[in-house]
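Biologist: Got a minute to walk me through this one? I'd like to start with what you mean by buried.

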Amino acid sequence: MEVNQNTLEHLAELSKFKIAASGNDKLAHDINEIVKYISQLDELDTSGVEPTYQVFEMENVWRADKILPQEADREALLGLAREVKDNQIKVPRVL
Amino acid sequence: MKIASTSQSAVEMVKSALEKAHQFQDDYQVFTWINDEAIKKAEEIDLRIKDGESVGRLAGVPYALKDNFLSKTGPTTASAKILTEFTSPIEATTVKKLEEEGAICIGRTNLDAFAHGSSTENSYFGPTKNSKDLSRVAGGSSGGSAVAVALGIVQFATGTDTGGSIRQPASLNGVYGFKPTYGTISRYGVVAMASSLDCIGFFAENPQDIDLLMEICAGQDDYDMTTLPDYYEEADDDISKVKKIGVIKDFDNEKVSASIRDALKNQVKALESEGYEIVELEMPTLKYALPAYYIITPAEVASNLSRYDGIRYGWRSDEAKDLEAIYENTRNEGFMPENKRRITIGNFVLSSGFYDAYYLKAAKVRTLIIEEYNQAFEKCDFILSPVGPDVTFKLGEKVDDPVSMYLEDVMSVPPNLAGIPGLTIPAGQTEAGLDVGLQLVGPRRSDKKLLKFAEKIMRITNKGKGA
């Protein structure tokens, strides 16, 4: 499996990097090396094996539907953003 | 020396730790930030002790905090440019628990940005150097924490371990490093990397200190729904029932260096002479743990690191006007190359068309690895193995070759995939004076017994500083 330029550009879009920036060839090369490495799992027969997504032993963790006290209030959280207006985070023009 | 058993005052301990921290900083780059205000906290604690108050089990003990734990004390950067303008409004549960017992944070330790790496060379602030050789790597990702303990700046430091980030740098610097059973310690307030693997753990000079830290920090947390119900304090730690130690046959083939193989042989011999039975284990699937890990981890990384957008917190590139360009420029400049490799691979293995061949396949391999461990622990109590293939390597040697860097983790990732505990035990030095470490791995929830057994090994081999 070779990750071609098209796939790479698609991945960059999903990853939200500017892939056209310098150093791109190195990233493409590295990605292909890594894909080659991880592809060795093909050797292993996994038919009939159930996947494991987490090792946590419990099915569901329930708690009372009550708001736990939170250390950080609205002001502290908004204070982290670069731009705030009318108690909300301001983002640049979208359209 | 055991922590908290000293007759020194908090001020004396903190002063000495801060002096050493500053003294070593230029050469070793242990810290991303040193907390000179720690002295004030020490004065408070000494006053409370003078007033006859009970201050806690870590009263006045200075410690180093890996810089991916959120704390209101100083900035939290995860050694990444994208978090350089971030100051946490919350305190991680682990930090809270340590400080409730009187521990004092004297600084934030360096790591590979977002804990992606095995050498601490991926830090935005530059690499931490090995405690025994300034031309060599500290290991990683918790390199700063390992070196802080190895240089004697502090007696303990926190770490996170997703695929060896505590055990490998501990091994490369001759200290104890422990990754508990998955879910034992709350991860609330810790920068997430790969959520199905991430564990909080510790570096210390001996297993007894780690046991104390585990007693303090283990337990269910309302703020982290992936924590297990409390089990640590009440856990069975009767090591008189430990009879059989497993050694993995196939790992010999994984290009393990002679010094590591010798250390393993010596340890095995020492255990045999104490009457332990050595059981040879066939674990043929284990060699697939690393490729499976480098599918599962990037997948979770791609998801967890999508939150860094330059909008809500952290550093933002000023070279962009519209929203999309802010995301792209901020993430392009704010992440290190290894962060970008992992995010890209993660989005690759999760994208439609590749999901079944990579992500689903890796998740199935994970099941096989868990089953292999379950069978192994029917034949033995603990498994003794190398932590990694060799001792510390030269700065710059592997940093531009991701696959060769990944191979550093070949023996440390299997316990993470299975969610089981692993401890690095110092096992001497090479002729050149470089540290050699071995790894002791046990079944789920065997953490306390494993630390007790490591204490016994320490006494047998007389290798750890605390012996």
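Modeller: Sure. A residue is buried when its relative accessible area is under 20%, and exposed when that is over 50%. Keep in mind that this is a predicted model.

Biologist: OK, so is Asn110(B) buried or exposed, and why?

Modeller: Asn110(B) counts as buried because its relative accessibility is 0%. You'll find Asn110(B) in the loop between strand 3 and helix 4 of chain B.

Biologist: Which side chain does Asn110(B) make a polar contact with?

Modeller: With that of Thr128(B), at 3.1 Å.

Biologist: Switching to the interface. How many residues does each chain put into the contact?

Modeller: Chain A gives 57 residues and chain B gives 75. Together the two chains bury about 5800 Å², with 66% of that on carbon and sulfur atoms.

Biologist: And how many salt bridges and polar contacts cross between chain A and chain B?

Modeller: There are 7 salt bridges across that interface, plus 21 residue pairs in polar contact, both residues at pLDDT 80 or more.

Biologist: Which elements of chain A give two or more residues to the side touching chain B?

Modeller: Those are helix 1 (5-15), helix 2 (24-38) and helix 3 (74-78) of chain A. Helix 2 gives the most, with 9 residues. Sorted by class, that side of chain A has 33 nonpolar, 8 polar and 16 charged residues.

Biologist: Let's look at some of the charged pairs. What does Lys16(A) pair with?

Modeller: Lys16(A) meets Glu324(B) in a salt bridge, 2.9 Å from N to O. Lys16(A) sits in the loop between helix 1 and helix 2 of chain A, and Glu324(B) is in helix 9 (residues 323-334) of chain B, so the pair joins two chains.

Biologist: How accessible are Lys16(A) and Glu324(B)?

Modeller: Lys16(A) is partly exposed at 24% relative accessibility, and Glu324(B) is partly exposed too, at 35%.

Biologist: What about Arg316(B), what's its salt-bridge partner?

Modeller: Glu83(A), with the closest N and O atoms 3.3 Å apart.

Biologist: Which residues are linked in a salt-bridge network?

Modeller: Lys26(A), Asp30(A), Glu338(B), Arg341(B) and Arg342(B).

Biologist: Tell me about Arg342(B). Is it buried or exposed?

Modeller: Arg342(B) counts as buried because its relative accessibility is 3%. It lies in helix 10 (residues 337-350) of chain B. Leaving out residues up to four places away in sequence, Arg342(B) touches several residues, among them His116(B), Met193(B), Tyr294(B) and Tyr406(B).

Biologist: Now within chain B. Where do Arg187(B) and Asp224(B) sit?

Modeller: Arg187(B) is in the loop between strand 5 (176-179) and strand 6 (199-204), while Asp224(B) is in the loop between helix 6 (207-217) and strand 7 (244-248). They form a salt bridge, the closest N and O atoms being 3.9 Å apart. The two are 37 residues apart, so to speak distant parts of the chain linked up, and both are buried.

Biologist: Last topic, helix 1 of chain B. How many residues does it have, and how far does it reach?

Modeller: That helix has 19 residues, 10-28, and reaches 25 Å from first C-alpha to last, close to the expected 27 Å. Its buried residues include Val11(B), Leu18(B), Phe24(B) and Tyr28(B). Among the elements covering the buried residues are strand 1 (31-34) and helix 2 (38-50) of chain B.

Biologist: What happens just after helix 1 of chain B?

Modeller: Gln29(B) takes a positive phi there, about 55°.

Key: Residues numbered from 1 in each chain as written. Chains lettered and ligands numbered in written order. Predicted model: local features only at pLDDT ≥ 70, side-chain atom pairs only at ≥ 80, totals over all residues. Heavy atoms only, no water. Contact = heavy atoms within 4.5 Å. Buried area = accessible area lost by both parts, 1.4 Å probe. Salt bridge = Lys/Arg side-chain N within 4 Å of Asp/Glu carboxyl O. Polar contact = N/O pair within 3.5 Å; in protein donor to acceptor, adjacent residues only side chain to side chain. Helix = DSSP H or I, 4+ residues; strand = E, 2+ residues; numbered from the N terminus. Nonpolar A, V, L, I, M, F, W, Y, C, P; charged D, E, K, R; others polar. Expected span 1.5 Å × (residues − 1). Buried < 20%, exposed > 50% of the residue type's maximum accessible area, 1.4 Å probe, protein only.
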